Amino acid sequence: MDAKTEELRAAHDILAELYADRLASALDHMPAERAVLDLFCDLTLAADLGTNVGDVGCGTGRLEPYLAARGLSPRGIDLSPEMIRVAHRDHPGFDFNVADLRELPFGDASLAGVVCWYSLMYLAPSDRPAAFSELARVVKPGGYLVTAFKAGDGEVRRGGRSTGLSIEFDVYWLSPGEMERRVIDADFAVVFWGGRPAEGQEGSPQGYLLAQRS
Ligand SMILES: C[S@@+](CC[C@H](N)C(=O)[O-])C[C@H]1O[C@@H](n2cnc3c(N)ncnc32)[C@H](O)[C@@H]1O
């Protein structure tokens, strides 16, 4: 594992309990996020490609009950073993595994969709084409990808400092235009894009993109 990935993984191991504590019910207060996820769920079910979806970079698994309540069968993967340990603890009954999104443990065209909720914004630009190709590999033609990300100028920042936990890692405020180009290059068609200003403790605006596999 390269040094940047090791740094990211170690930081998220330390963040796992904080995430479990702070994010468990965050969606309850985020109508825009629920609306984008609901659109993903509705379109994925309407595509009639089955209910299996990947939650890629699932963190502590907070989205699993939400997706399951809307008829999907999510399987979570995350780089951080500690995130996965907490996900198993807090959401027993769901399938969670340690994996890197650049090498997904899902078969070709095996999923009706993938959710990448704030998990693609750590990818260095050089890793992005292969990562989007990997997402495209696992989604059935006609299936969907939905992603949320910190939206901005595309520049890298150092994340984690504000937690006071002595952690740091690279995080990119992704350009919505670049995200559109990346999914199109990976053989998806954009269905919805949107964004909203930063709220509360968020340091950046948030971007959303929903795309269908060609
Ligand atoms: C901001 S958290 C979001 C977690 C979850 N999606 C949520 O919304 O609660 C980002 C997660 O992406 C994971 N992650 C980052 N890079 C990854 C990679 N290359 N492969 C798999 N997971 C990754 C991190 O370990 C972390 O748990």
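Here is a short exchange about a predicted model of a protein.

Reader: What makes up the secondary structure of the protein?

Author: The protein has 6 helices and 9 strands.

Reader: Why does the radius of gyration of the protein agree with a compact globule?

Author: The protein has 214 residues, and a compact globule with that many would have a radius of gyration near 17 Å. The protein has 16 Å, so the value agrees. Along the principal axes, the C-alpha atoms fill a box of roughly 45 × 40 × 35 Å.

Reader: How many of the residues count as buried?

Author: Of the 214 residues, 47% count as buried. The accessible surface comes to about 9600 Å². Carbon and sulfur atoms account for 52% of that surface.

Reader: Which share of the contacts between residues at least 6 apart in sequence joins residues at least 24 apart?

Author: That share is 68%.

Reader: Where do the charges of the protein sit on average?

Author: There are 21 positive and 32 negative charges, and their mean positions are 2 Å apart.

Reader: How many disulfides does the structure hold?

Author: The structure holds 0 disulfides.

Reader: Why is there no bond between C58 and C116?

Author: A disulfide is a covalent bond between the sulfur atoms of two cysteines. To count as one, the pair of sulfur atoms must lie within 2.5 Å. The closest cysteine sulfur to that of C58 is in C116, 11 Å away, so the two are too far apart for a bond.

Reader: What about C116, seen from its own side?

Author: C116 is in no disulfide either, and its nearest cysteine sulfur is that of C58, 11 Å away.

Reader: Why is C58 called buried?

Author: Buried means under 20% relative accessible area. C58 has 8% relative accessibility, so C58 counts as buried.

Reader: And what makes C116 buried?

Author: The cut-off is again under 20%. C116 has 0% relative accessibility, and therefore counts as buried.

Reader: Why is Y19 called partly exposed?

Author: Partly exposed covers the range between buried, under 20%, and exposed, over 50%. Y19 has a relative accessible area of 25%, so Y19 is partly exposed.

Reader: Where does Y19 lie, and what does Y19 touch?

Author: Y19 lies in helix α1, which covers residues 3-23. Leaving aside residues up to four places away in sequence, Y19 touches H12, A24, T60, M83 and Y122.

Reader: What separates Y19 from Y172?

Author: Along the chain, Y19 and Y172 are 153 residues apart. Their C-alpha atoms are separated by 19 Å.

Conventions: Residues numbered from 1 in each chain as written. Predicted model: local features only at pLDDT ≥ 70, side-chain atom pairs only at ≥ 80, totals over all residues. Heavy atoms only, no water. Helix = DSSP H or I, 4+ residues; strand = E, 2+ residues; numbered from the N terminus. Rg over C-alpha atoms; globule rule 2.2 N^0.38 Å. Buried < 20%, exposed > 50% of the residue type's maximum accessible area, 1.4 Å probe, protein only. Contact = heavy atoms within 4.5 Å. Areas by Shrake-Rupley, 256 points an atom, 1.4 Å probe, with all protein chains shown as cover. Lys, Arg positive; Asp, Glu negative; His and termini not counted. Charge placed at Lys NZ, Arg CZ, Asp CG, Glu CD.
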